[in-house]
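The following paragraphs are meant to be read alongside the coordinates, moving from one helix to the sheet beneath the discussion and then to charged side chains. Please keep the model open while reading.

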Amino acid sequence: MVILAALLFAGSVEITRAQSGGVVVTFANQTPEKVVIRRVNPRGKPVGPNPDTGLAAGASVNVTAVPGENFAILLGARQIGLYTATNKASQRYPIARGGGGGGGGGNPVAPAGLVTVTFTNTTSKVITVNRLDPGNVVQTFGTIAPGKVMSMQSVAGQVWIFLNTNNKEFGRYQVTAAPRQAFAISQSGGGAGPVNKGGTAVPTANLAGNTGSKLDAAQAQQLVNYHNQKRKEVGTGPVTWSPKIAQFAQGRADTIARTKNFSHLPQGQNPYGENLAQGGSSGGVSGFTVVSACDGWYAEKAKIPKGSRVMTTAIFNRGVGHYTQMIWKDSTQIGAGIAHFQQNGFAMTVVVCCYNPPGNFIGGAIF
C-alpha cells in the first residue's frame, strides 16, 4: 500500500539544500492560484528526486540555491516564469499572472511571459548553444548538428551565444518580445561582437486561432518556420499558412489514418503539391511530430547534384521530390494536417503537407 500525504498552507516555508556558496531566493506568489516552483536543468528538465515545491496563493518560499541554478514557475501544466539565481546573497522573485518580475536579478520573465526561439544551424559544423546570464555567467544548453534545429524557451532581452567545437564564438542573438522567433546560424559568423551577429533573424508569421486542421497554432508555426528557413538557404521567398489548404490536408490525413493506405492521390485528383510522412512507436505514443516529418523531407537535399536548379526526370528519380517541393520557387502557401492511428501494435502518426502552387514540374525552377 502506498500512502501519500500533502500539506498546504499560506504562510512562509523555507527549503534548505546543502550546498557550498549558497544564496537565498525568495519566491513570492502574487497570483490568486497555487503555483509550483521546479528546479530544472538548462534544458528545462526537472533536477533531483523532489524538484517541485507547491506555493499557495499569497505565500512565499525561501529557497537555498547556487548561482546559475534555474527555477521554472508552473501554473498547472503551463510554465509562466523562469528564474536563474545570481551570485547575490539574497534575491527576491515576485510571481505574477504574466510571469515573474522585478527584484532579484537573474532572469525575471517579461510581462508578456516566455517566448519560443528556434535556432537553425545552417553551417557545416556542430554548434554549441549557450545562454549569457547576468554577471556574464554562461550556461550551455547543448549542441546543434549541421542542418538541425533547436527550439528554446527564453525571455525578451536574453542573449544567446553560438560556439564551434573549438570554443570560438560564431555569433550571438538577442531575444525580442515576439512570441515566436527564429534565427539561422550562418557560416560567416566568428568572433565576439554585437548581438544578432553570425546569422539571420528569420521572419515568422505568428500564427494564432483556427489553423484549419488538427494542428495547433504552435505546430503550424513550426512548419512555416522550418520551410522558410530551408527556403532561405537557397534564396527562395517565404511561404505563408493557408487554413483552406490545411483543411484539405487534414482530410487527406484522416483518410490515410482510417484506410491505412499511405499513398498519394491519383494524378489530377489533388489540386496541390503534397508531402507525406508517418512514423510510430510500440510504446503507446508515436513521438512522431511535424518537425520529424520535415527532417525526413529535408534529408533528401543530400541526394541533389550540386548546382542543380531546374527539375529534370533524372533529378526527380533520385528520390528528392519532398525536399524540392519544400523549396520550390513558385510555391507560396502551405497547409498541413495530422492524424493518429493504431497499426500492427504501433501507435502511428501521419503528417500531410500541401503546397500551392504545386511544384516538381519537369523543366520548372526548383529555386
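The buried residues of helix 3 pack against strand 13 (149-154), helix 1 (217-234), strand 19 (273-281), helix 5 (321-327) and strand 21 (346-356), where contact means heavy atoms within 4.5 Å, and where helices (H or I, at least four residues) and strands (E, at least two) are DSSP runs numbered from the N terminus. This is a predicted model, in which local features need pLDDT of at least 70 and side-chain atom pairs count only at pLDDT 80 or more, while totals for chains, interfaces and linings use all residues. Residues are numbered from 1 along each chain as its sequence is written, and side-chain values use heavy atoms, with hydrogens and water left out.

Within helix 3 (residues 290-298), the buried residues are Val290, Val291, Ala293, Cys294, Trp297 and Tyr298; buried means under 20% relative accessible area, exposed over 50%, and partly exposed in between (1.4 Å probe, protein chains only). Because these residues cover an arc of only 155 degrees around the axis, they lie on the same side of helix 3, the arc being that of the directions from the helix axis to the C-beta atoms.

An open sheet of 4 strands follows the order 18-20-21-19, with mixed pairing, and its edge strands, strand 18 (240-241) and strand 19, each pair on one side only; two strands pair if DSSP finds at least two bridges between them. Strand 18 runs parallel to its partner, strand 20 (residues 333-343), over 2 bridges, and Thr240 has Gln333 in strand 20 as its bridge partner. Helix 3 packs on this sheet by touching strand 19 and strand 21, its direction making about 65 degrees with that of strand 21, whereas helix 1 lies across strand 18, strand 20 and strand 21 and runs at about 125 degrees to strand 20. These axes are lines fitted to C-alpha atoms, for helices over the stretch in contact, and the angles run from 0 to 180 degrees between N-to-C directions.

Helix 1 also carries Glu233, whose side chain meets that of Lys301 in a salt bridge (3.0 Å, N to O), a term for a side-chain nitrogen of Lys or Arg within 4 Å of a carboxyl oxygen of Asp or Glu. Since Lys301 lies in the loop between helix 3 and helix 4 (313-316), the pair ties together parts that are 68 residues apart in sequence. Glu233 forms a further salt bridge with Lys230, with the closest N and O atoms 3.8 Å apart, and salt bridges that share partners thereby join Lys230, Glu233 and Lys301 into one network.
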